[in-house]
Amino acid sequence: MEIKITKTTAPAVKPEASVLGFGKYFTDHMFIMEYNPEKGWHDARIVPFGKIELHPACTALHYGSEVFEGLKAYRKSDGSVQLFRPMENIRRMNRSAERLCLPQIPEDTAMQILTEFIKFEQDWVPSAPGTSLYIRPFMFGNDETLGVHSVKHATFMIITSPVGSYYKEGINPVKIMIEAEDVRAVRGGTGEAKCGGNYAASNRAGEKAEEKGYSQVLWLDGVERKYIEEVGAMNVMFKIDGEVVTPQLTGSILPGITRKSCLEILRAEGYKVSERRISIDEIGKALADGKLEEAWGTGTAAVVSPIGELCYKDVKYIINDGKIGEVTSHLYDTLTGIQWGKIEDKYGWTVPIK
Ligand code: PLP
Ligand code: COI
């Protein structure tokens, strides 16, 4: 696919690493293309970053037809840039798009667009320890009519943001509130798709948690409200009595790429790992018995994030004295080591930008 390029005439000053945080700054350019049934995907272009115009009846604004992805570009110590498992994000985006009746982007086209755009914007990949360029591809329905139906017109864009750590705590353990009222998703719904509506519906519980000093919400299953699902922006893992356990993919949680990578690393290294249902009662009992050894979240933005405290119906569960555990640390070091090219990528997960 040919990509037309219009360069900015007013490049921004790049922010210092110390102020980055997550998703506050954007690079000089963005990628955009449109879809309709006659032309398929067309008008692929890189343009200066800026506001876009939408018809007031745009489907995404009324009926939430939107999907997105999140991945990162990392700068290695030799100055080169690499992506981490980008094909996994491309495939997941197409699965999300299928669920929301948005068009597919052929995998090789999506990969070409992604790598060309990151190559073009690569000066923006920061180099300070722990920083990266967060890549946010997204697609939305763009019909200019109020009828409820699957969309005929769509827009696909990529925006990029130099980032540091997602949580203000950095690699220090976060506190997570287990939500007892609202539910995030049910099987057959959109929980396993990465679509904007899932996040909109989770904000109310998120606000409540934040007011009480918790970073995010841990969701329970929507039917029995008993089984652990995932956290707002990450999957969750526990070490119980020597075994790493994580909720199985039942259709209502996001199949995280960091989750998959952590499971692959742990299995390759001979850890005992299981994907299964985990009830909140099991977590409480394991804690009471002194068998809940570690808990952590996994996600592109959150990386591997230790969980020091869970709170459920005002009962506080302090995990590993609120300190980062051994397996959490090991996973963090291994994963970030591969991502920043500090250790050998024996899994073949990284894709250099050339
Ligand atoms: N779960 C939710 C709800 C998320 O938003 C994310 C972040 O993308 C994850 C899990 C982790 O997924 P991944 O590791 O692919 O970033
Ligand atoms: C990511 O980790 O890429 C995410 O999409 C999480 C996000 C909602 C900030």
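Right, let's start with the shell around ligand 2. By class, that shell has 7 nonpolar, 2 polar and 2 charged residues. Keep in mind that this is a predicted model.

Who is in the shell? The aromatic names are Phe22, Phe68, Tyr134, Tyr166 and Tyr199. Then come Ala233 and Ala301. Gly70 and Thr300 are there too. Arg136 and Lys194 complete the list.

Now the polar contacts. Which atoms of the protein lie by the oxygen atoms of ligand 2? Take Tyr134. One of its polar side-chain atoms lies 2.6 Å from an oxygen atom of the ligand. Next, Lys194. Here a polar side-chain atom lies 2.7 Å from an oxygen atom of ligand 2. Ala301 comes in through its backbone. A polar backbone atom of Ala301 is 2.8 Å from a ligand oxygen.

How much of ligand 2 does the protein bury? Taken alone, the ligand exposes 290 Å². The protein buries 89% of that. And the space ligand 2 takes is the largest pocket.

Let's step back to the whole chain. The protein divides into domain 1, residues 4–163, and domain 2, residues 174–339. Their C-alpha centres lie 27 Å apart. The contact takes 20 residues from domain 1 and 21 residues from domain 2.

So where does the ligand shell come from? Both domains supply it: at least three residues come from domain 1 and at least three from domain 2. Look back at the polar contacts with that in mind. Tyr134 gives a side-chain atom, Lys194 gives a side-chain atom, and Ala301 gives a backbone atom.

Note on methods
Residues numbered from 1 in each chain as written. Chains lettered and ligands numbered in written order. Predicted model: local features only at pLDDT ≥ 70, side-chain atom pairs only at ≥ 80, totals over all residues. Heavy atoms only, no water. Near = heavy atom within 4 Å. Polar contact = N/O pair within 3.5 Å; in protein donor to acceptor, adjacent residues only side chain to side chain. Areas by Shrake-Rupley, 256 points an atom, 1.4 Å probe, with all protein chains shown as cover. 1 Å grid on protein atoms, 1.4 Å probe; cavity = no way out; pocket = protein on both sides within 12 Å on 5 of 7 lines; lining within 4 Å. Sits in = over half its atoms within 2 Å of the grid points. Nonpolar A, V, L, I, M, F, W, Y, C, P; charged D, E, K, R; others polar. Domains from an automatic or database assignment. Contact = heavy atoms within 4.5 Å.
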